[in-house]
Amino acid sequence: MSLKALETRFHVSARSVAPPESGIVAVMNHGRQKDGLIPLWVGEGDLPTPAFICEAASRGLAAGETFYTWQRGVPELRQALADYHTALFHQPFSPERFFVTGSGMQSIHIALTITVEQGDEVIVPTPEWPNFSAAVQVAGARPVEVPLSFAGGRWEIDLDRIEAAITPRSKVLFINTPANPSGWTASHDD
C-alpha cells in the first residue's frame, strides 16, 4: 500500500507524504520482473552473502544473541571504529563519537532529526540519490539543491555555488562522497 493510500486510511503526517514516491522503487519493481538482470540499481550485486557471514549469523542465533543490543552500538565495534578513524586521520577519536545504526538511511534520519527544525534548509549537491532530499522533507526542512559541475568528463563541486546557497535558514550541508549516483568523490582540497 502506498503512503498516499495509507494517508486516506490512517492519520499520517503531511510531511511524511509530501515527498514524491521514489523513482528508484519503480525501477526496482520493474527490474525484479526481468529474469537474469543484475540488480545494480541499489548498489547491490548478484552474489549471495558469503559463507563466513552466514555462519557467524547462525552461531549468533544459536547462542541466543537475538535481544536488543547497546543503544549506541556494541562497545567493541564502536572502539574498533574509533581506532580505525584515529589511524586514518592521525588524530584521536573517542568511541563516544560513534553511533552504530541498521542502515545508511537510518543514520541520515537520525542526523536530520537532531540537526534541523521545521523550515530549516539543507544544502544538497546534485545529482543526488532522491532519498536524501525526501529525508530532508520528512524531517520538516527544505532541500536546497546545488548542482555539481561537469567538466572534462568528471563531476566537481563548485564551492562558490555552495557558498551562494547559504542563507540564515541553512543548517546542514549534505555531503555524499563518493556520491550516488554521479560517483563524484571529494578531493582533499574540497
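Is Phe93 buried or exposed at 14% relative accessibility? Phe93 counts as buried, because its value of 14% falls under the 20% limit set for relative accessible area. The views below come from a predicted model.

**Figure 1. Aromatic pairing around Phe93 and Phe98.** A pair of aromatic rings is described by the distance of the centres and the angle of the planes. The structure holds five aromatic pairs. In the pair shown, the ring centres of Phe93 and Phe98 are 6.3 Å apart and the planes meet at 50°, so the arrangement is classed as tilted. Both partners are on the buried side of the limit: Phe93 has a relative accessibility of 14%, and Phe98 has one of 12%. Ring pairs also bring in Phe89, which forms a cluster together with Phe93 and Phe98.

**Figure 2. Helix α5 and the residue that follows.** Helix α5 covers residues 75-89, 15 residues in total. From the first C-alpha to the last, helix α5 reaches 21 Å, close to the 21 Å expected at 1.5 Å a residue. Just after α5 comes His90, whose phi is positive, at about 55°.

**Figure 3. Arg72, its ring contact and its charged network.** The charged end of Arg72 is placed over the ring of Phe99, at 4.2 Å from the ring centre. Arg72 also belongs to a network with Arg78 and Glu96, joined by salt bridges that share partners.

**Figure 4. Asp120 and its two basic partners.** Side chains of opposite charge can pair when their charged atoms come close. Seven salt bridges are found in the whole structure. One of them joins the side chains of Asp120 and Arg169, with an N to O distance of 3.0 Å. Asp120 lies in the loop between α6 (104-115) and β1 (121-126), and Arg169 in the loop between α8 (159-165) and β5 (170-173), so this salt bridge ties together parts that are 49 residues apart in sequence. Asp120 also forms a salt bridge with Lys171, where the closest N and O atoms are 3.9 Å apart. This second pair links the loop between α6 and β1, which holds Asp120, to strand β5, which holds Lys171, across 51 residues. The acidic residue is buried, with 3% relative accessibility for Asp120. The basic residues are partly exposed, at 39% for Arg169 and 43% for Lys171.

**Figure 5. The salt bridge between Glu121 and Arg142.** The side chains of Glu121 and Arg142 meet at 2.8 Å, N to O. Glu121 belongs to strand β1 and Arg142 to strand β2 (residues 142-147), so the contact ties together parts that are 21 residues apart in sequence. Glu121 has a relative accessible area of 9% and is therefore buried. Arg142, with a relative accessible area of 45%, is partly exposed.

**Figure 6. A nonpolar patch on the surface.** Trp70, Val74, Leu77 and Val100 form this patch, and together they have about 360 Å² of accessible area. Val100 is located in the loop between α5 and α6. The relative accessible area of Val100 is 30%, so this residue is partly exposed.

Note on methods
Residues are numbered from 1 along each chain as its sequence is written. This is a predicted model: local features need pLDDT of at least 70, side-chain atom pairs count only at pLDDT 80 or more; totals for chains, interfaces and linings use all residues. Side-chain values use heavy atoms; hydrogens and water are left out. Rings of Phe, Tyr and Trp (its six-membered ring) pair if their centres lie within 6.5 Å; planes under 30 degrees apart count as stacked, over 60 as edge-to-face and the rest as tilted. Buried means under 20% relative accessible area, exposed over 50%, partly exposed in between (1.4 Å probe, protein chains only). A charge sits over a ring if NZ of Lys or CZ of Arg is within 6 Å of the ring centre and within 35 degrees of the ring normal. Helices (H or I, at least four residues) and strands (E, at least two) are DSSP runs, numbered from the N terminus. The expected span of a helix is 1.5 Å times one less than its number of residues. A salt bridge is a side-chain nitrogen of Lys or Arg within 4 Å of a carboxyl oxygen of Asp or Glu. Patches are made of residues with over 30% relative accessible area and no salt bridge: like charges are joined within 9 Å, nonpolar side chains (Val, Leu, Ile, Met, Phe, Trp, Tyr) within 5 Å. Accessible areas come from the Shrake-Rupley method with a 1.4 Å probe; for residues, only the protein chains shown count as cover.
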